[in-house]
Structures are given as C-alpha cells and as structure tokens.
Amino acid sequence: MKSVWQDSLEAVRHLLDVSELNLDGSHTIAKKGGESVVYQGRKKAKTSNILPIFDKHGYVLASTDIVAGNHNDAFNLKLHLQSALKWIKKQNLSIQGSYFNADSAFDTKEARKVCFNHKLLPNIPENKRNRKQAKPGPKRMFNQVVYKRRFTAERSFAWIDKFRPLLVRFDRRDCYFLSGHYIAFAMINLRNVTN
C-alpha cells in the first residue's frame, strides 16, 4: 500500500525539477517533551529537528527521520543523506549531475563524499569555523547563482509552518509528529495539481 506522500510524488512527477536539490533543517519547539526532544541552547527550549530535501521549485522529495534538537544539522548527516537519496532514487528520479545546495552548516567531508558517491555536485559554501588561514588544497566548486535559489526551501518551510501542529510540537511520539510532516509534504506537493 502506497503512502500519501508517495501518491503525491506520483501526481507531481511531471512538475519536478531535480536539477537542483535543496537541503535544510527546521527546529521545532516541543512543549510536552517526548521522543527525540532535547534542550537546544540556541532556541532556549527543547526542540526536535527534521531535514527535508526539496527540488528546484520547493516540492518535497525526501526527508530524514526526527533528530534530537541538541544536535547540530550535520549530526549523523552521512546516514541521513544516504537514506534520503536512496529513497529519491527508488522513486525513479534521476538525480545524477544535480546540484546539491545546502548552507555552510552542512559543510562536512561526509556530506561531500555522499554527494560524490551519488554523482551530485555539492554546492555548499565553505564553513570557515573560525579559521585564521584559508583551507589548503584546491578551491571548492561553488555556484553563487544556484545557491541563491535555495529560498525555495525556506518558502516550503513557511508553508509547513502554516500547519499549527507542526509549528509547535505537542506529540510525544516521533511517529505521530513525522506523520504530520508527511501529510504537510503531500499537501505542498499537491498544491499545483489540478483535476
């Protein structure tokens, strides 16, 4: 039996543009605690995080599971990216040669290696991490014009935030909170589909 999310991807397949994949994370404040909910100093609250991958137009292609909020966005990134990209490939979407846009928080060796293994072009700005000197070796490829189009991910997060149960987490179980995200992802994917 197919999920609602898989059905929505089937319905919008002709609208998808996977020449650019955009990854970003979204911390959600959790009021009642629960699974994968831990204090996050930057938000000054208990949070959980999710990392969806969007296409060029903001359609949701894949997502990670819920990640505890005390971790940075790059925590277990290799494992999360591998599972998300494999799921995209299972949907018969050809991503070979696509740009992979992510912000500097995702600038890790593991993320770049996963991109190269899946024949993606990592378009991630270098995170200097308080370096006083430039990193040795060849300069990394970075396309500023393509990177600026990451706003589609932020726009999609704004649409997700319209679903009030996802804006502030009250579900204690990860499966319920993740299911709510899948419904929101399906509605985002189906927004331009007409009968």
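1. Let's start with Y147, in what is a predicted model. Its relative accessibility is 17%, so Y147 counts as buried; the cut-off for that word is under 20%. Its ring partner is F142, and the two make a tilted aromatic pair, with 5.2 Å from centre to centre and 55° between the planes. F142 comes out at 31% relative accessibility, so this partner counts as partly exposed.

2. How many aromatic pairs does the structure hold? There are three. Another of them joins Y182 and F185, again tilted, at 6.4 Å centre to centre with 50° between the planes. Both residues sit in helix α7 (residues 174-189), three residues apart, or about one turn of the helix. Here is the bit of background to keep in mind: an α-helix has 3.6 residues a turn, so residues three or four places apart point the same way. Is F185 buried or exposed? At 0% relative accessibility, F185 counts as buried, while Y182, at 26%, counts as partly exposed.

3. While you're looking at rings, check for charges over them. The charged end of R173 sits over the ring of Y176, 5.6 Å from the ring's centre. Then find Y59: R191 lies over its face, and the distance to the ring centre is 4.5 Å.

4. Next, helix α3, which covers residues 109-117. Which of its residues are buried? They are A111, R112, V114 and C115. Look down the helix axis and these buried residues fall within an arc of 160°, so they line one face of α3. Turn to the face pointing away from that buried side and you meet the exposed residues K109, K113, F116 and N117.

5. What do the buried residues of α3 pack against? Their neighbours are α2 (77-90), β8 (99-101) and β9 (121-123). Keep going just past the end of α3 and you reach K119, which has a positive phi of about 60°.

6. A word on cysteines. C115, from the buried face of α3, has 0% relative accessibility and therefore counts as buried. C175 is at 38%, so it counts as partly exposed. As for disulfides, the structure holds zero.

7. Now for the inside. The largest nonpolar core has 27 residues, and those touching the most other members are L21, L23, I53 and F100. Elements giving two or more residues to this core are α1 (4-12), β1 (20-23), β6 (60-63), α2 and α3. Which element gives the largest share? That is α2, with five residues.

8. L21 deserves a click of its own. Leaving aside residues up to four places away in sequence, L21 touches I53, F54, L61, L85, I95, S98, Y99, F100, N101 and L120. One of those names, F54, also turns up in a second, separate core of 13 residues, which includes F157, I160 and I188 as well.

9. Last stop: H80, which has its place in helix α2. With 13% relative accessibility, H80 counts as buried. Which residues does H80 touch, not counting those up to four places away in sequence? The contacts are T64, V67 and F75.

Methods
Residues are numbered from 1 along each chain as its sequence is written. This is a predicted model: local features need pLDDT of at least 70, side-chain atom pairs count only at pLDDT 80 or more; totals for chains, interfaces and linings use all residues. Side-chain values use heavy atoms; hydrogens and water are left out. Buried means under 20% relative accessible area, exposed over 50%, partly exposed in between (1.4 Å probe, protein chains only). Helices (H or I, at least four residues) and strands (E, at least two) are DSSP runs, numbered from the N terminus. The arc is that of the directions from the helix axis to the C-beta atoms. Contact means heavy atoms within 4.5 Å. A disulfide is a pair of cysteine sulfur atoms within 2.5 Å. Rings of Phe, Tyr and Trp (its six-membered ring) pair if their centres lie within 6.5 Å; planes under 30 degrees apart count as stacked, over 60 as edge-to-face and the rest as tilted. A charge sits over a ring if NZ of Lys or CZ of Arg is within 6 Å of the ring centre and within 35 degrees of the ring normal. A nonpolar core is a set of buried Ala, Val, Leu, Ile, Met, Phe, Trp, Tyr and Cys residues joined through side-chain atoms within 4.5 Å.
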